[in-house]
Amino acid sequence: MDRFISRMEIPQGKPWILRLLVVSCLSLAAKMEDTDFSISNFQGDEAGFIFDNKTIKRMELLILDTLDWRMRSITPFSFVHFFISLSQLKDPALTRTLKDRATEIIFKSQNEIKLLKFKPSIIAASALLVASKELLPLQFPSFKFSISAFECVNEENLLNCFDTLREMVENENGERQC
């Protein structure tokens, strides 16, 4: 829904449009998960708006068309496993700890406006670098080299994103100590 709203302006003063959008997005999400789904479960009559299946299907098509039929969001989490494989860590517990810390950094970075200019893959790689610098300082240089050497990674963007995430983590740690 948020991806649709970011591309399409919703008219003000027509609350039924937003309600139709919500119902249609829920319907699409349920279809992607292949679950038994009944539109009637999500169309309570408290707001007075009940939409027929034809109207919902038309809105679903508008949503799909606006998103170029790309329903799955690409997030930094999609790339964590790939980049962590470049670390060549042999200890599964250490790998898990690194992944957990990078995941935590990514979650905490969701509200960081400065990160909007970076691709999800760069955010994932940078979060892993920040985590490795914290947890595995001796392996950090080789891990950084492995990620930087990957042909699809723009090193300048990687380092800028790394600096942004590192600053965010340092600010967070400073606030905790106060």
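What is the volume of the largest pocket? About 480 Å³. Keep in mind that we are looking at a predicted model.

Let me start with the overall fold. The protein chain has nine helices and zero strands. Read along the sequence, the pattern is α-α-α-α-α-α-α-α-α. The chain has 178 residues, and buried residues make up 35% of them.

Back to the largest pocket. Its lining has 18 residues. Which of them lie nearest the centre? Those are Ile74, Pro76, Gln110, Leu116 and Ile123. By residue type, the lining of the largest pocket divides into nine nonpolar, five polar and four charged.

Now the second largest pocket. Its volume is about 190 Å³. From the start of the chain, Met1, Asp2, Arg3 and Phe4 are among its lining residues. Cys25, Leu28, Ala29 and Met32 also line this pocket. So do Ile63, Leu67, Met71 and Ser73. Which elements give two or more residues to this lining? H1 and H2 do. The largest share comes from H2, with four residues. As for residue types in the second largest pocket, the count is nine nonpolar, one polar and two charged.

Met1 deserves a second look. This residue sits in the segment before helix H1, which covers 2–7. Is Met1 buried, exposed or partly exposed? Met1 counts as partly exposed, because its relative accessibility is 41% and that class runs between 20% and 50%. Met1 lines the second largest pocket, and Met1 also belongs to a nonpolar patch on the surface.

Who else is in that patch? Ile5, Leu18, Val22 and Leu26 join Met1 there. Together the patch residues have about 370 Å² of accessible area. Helix H2, residues 15–33, gives the largest share of the patch, three residues. H2 also gives the largest share of the lining of the second largest pocket. Have a look at that helix on the screen.

One last stop, at Ala102. This residue lies in helix H6, residues 92–108. Why does Ala102 count as buried? Its relative accessible area is 0%, and buried means under 20%, so Ala102 falls in that class. Where is Val130 relative to Ala102? Along the chain, the two are 28 residues apart. In space, their C-alpha atoms are separated by 7.5 Å.

To recap. The chain has nine helices and zero strands. The largest pocket has a volume of about 480 Å³, and the second largest about 190 Å³. Met1 takes part in the nonpolar surface patch and in the lining of the second largest pocket.

Note on methods: Residues are numbered from 1 along each chain as its sequence is written. This is a predicted model: local features need pLDDT of at least 70, side-chain atom pairs count only at pLDDT 80 or more; totals for chains, interfaces and linings use all residues. Side-chain values use heavy atoms; hydrogens and water are left out. Patches are made of residues with over 30% relative accessible area and no salt bridge: like charges are joined within 9 Å, nonpolar side chains (Val, Leu, Ile, Met, Phe, Trp, Tyr) within 5 Å. Accessible areas come from the Shrake-Rupley method with a 1.4 Å probe; for residues, only the protein chains shown count as cover. A salt bridge is a side-chain nitrogen of Lys or Arg within 4 Å of a carboxyl oxygen of Asp or Glu. Buried means under 20% relative accessible area, exposed over 50%, partly exposed in between (1.4 Å probe, protein chains only). On a 1 Å grid over the protein atoms alone, a cavity is a set of points where a 1.4 Å probe fits but cannot get out, and a pocket is an open set with protein on both sides within 12 Å along at least five of seven lines; lining residues have an atom within 4 Å of a point. Grid points are joined across faces, edges and corners, and a volume is the space filled by probe spheres set on the points. Ala, Val, Leu, Ile, Met, Phe, Trp, Tyr, Cys and Pro count as nonpolar, Asp, Glu, Lys and Arg as charged, and the others, Gly among them, as polar.
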